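Colleague: May I ask for a close look at one part of this model, the packing of its aromatic rings? Please then relate that part to the rest of the chain.

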Amino acid sequence: MATFTEEDLIQFQQIFKLFDRDGDGLLRLDDIRKVMQIFNRGISDLEISNLLSELDPTGSGAIDLQKFITLMANEVPAENEKDLLDSFKFFDRDNNGVISLSDMKILYTNLCEKGTDEELENMLMEADYDGDEALNFDEYIRALKAT
């Protein structure tokens, strides 16, 4: 089981909120699959179902934030350079070496259906240290560490 810092826990809370599309405080099978994709964990529906049955003995088919953190502690290795690069590549939808506003819009549309154009632009501007309207890998790392 991985040990996480306070920053990791804050990041997990933010990820949880991002994927909790209906805001009910629960993540379901599809949500968990998408989270695992971000962390480059190829995980089958059967594996997710098995994890859910361990974390959700009542069989509701969903987990809350606390159980999500338990899942992350069991399933996601502590981040190293390769893990971070893999997650960056996931966000870099057009594989051009930067995360652009269009990459962010695609992700938000496909993953969580939240976020107005203005909100996405603000998120990008906050992390875009060089002002090129896109995040390179270094800016991405800085943004993760700032959360």
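Modeller: Two rings of Phe, Tyr or Trp (for Trp, the six-membered ring) count as a pair when their centres lie within 6.5 Å; planes under 30 degrees apart are called stacked, those over 60 edge-to-face, and the rest tilted. The model is predicted, and local features therefore require a pLDDT of at least 70, side-chain atom pairs a pLDDT of 80 or more, while totals for chains, interfaces and linings use all residues. Residues are numbered from 1 along each chain as its sequence is written, and side-chain values use heavy atoms, with hydrogens and water left out.

Ring pairs join F88, F90, F91, F137 and Y140 into a cluster. The structure holds six aromatic pairs. One of them is formed by F16 and F68, whose rings are tilted, with 5.6 Å from centre to centre and 55° between the planes. F16 belongs to helix 1 and F68 to helix 4 (residues 65–75), so this pair ties together parts that are 52 residues apart in sequence. Helices here are DSSP runs of H or I with at least four residues, strands are runs of E with at least two, and both are numbered from the N terminus. F16 has a relative accessible area of 5% and F68 one of 0%. Both values mean buried, since that term covers anything under 20% relative accessible area; exposed means over 50%, and partly exposed lies in between (1.4 Å probe, protein chains only).

Within the cluster, F88 and F137 form an edge-to-face pair, with 5.5 Å between the ring centres and 85° between the planes. This pair also links distant parts of the chain: F88 is in helix 5 (residues 81–91) and F137 is in helix 8 (residues 137–146), 49 residues apart. Both F88 and F137 are buried. A charged side chain also meets the cluster, as R93 lies over the face of F90 at 5.0 Å from the ring centre. This label requires NZ of Lys or CZ of Arg to be within 6 Å of the ring centre and within 35 degrees of the ring normal.

The helix that carries F16 deserves a fuller description. Helix 1 (residues 6–19) has 14 residues and should span 20 Å at 1.5 Å a residue; its end C-alpha atoms are 20 Å apart, which agrees. The expected span is 1.5 Å times one less than the number of residues. Its buried residues are D8, Q11, F12, I15, F16 and F19. Seen down the axis, these fall within an arc of 140°, so they line one face of the helix. The arc is taken over the directions from the helix axis to the C-beta atoms. In general, an α-helix has 3.6 residues a turn, so residues three or four places apart point the same way. On the other side of helix 1, E6 and K17 are exposed.

Beyond helix 5, N95 lies in the loop that leads to strand 3 (99–100). N95 has a positive phi of about 55° although it is not a glycine, and it is exposed at 64% relative accessibility. E133, in the loop between helix 7 (117–127) and strand 4 (134–135), likewise has a positive phi, of about 65°, without being a glycine. At 62% relative accessibility, E133 is also exposed. Most residues other than glycine have a negative phi.

S100, in strand 3, is buried at 13% relative accessibility. Leaving aside residues up to four places away in sequence, S100 touches E133 and A134, a contact being heavy atoms within 4.5 Å. The C-alpha atoms of S100 and L124, 24 residues apart along the chain, are separated by 7.9 Å. L124 is one of the buried residues of helix 7, together with L120 and A127. These cover an arc of only 70° around the axis, which puts them on the same side of helix 7. On the other side, E118, M125 and E126 are exposed.

As for the whole chain, it has eight helices and four strands, in the order α-β-α-α-β-α-α-β-α-α-β-α. Buried residues make up 39% of its 147 residues. Of the contacts with a separation of 6 or more, 53% join residues 24 or more positions apart.
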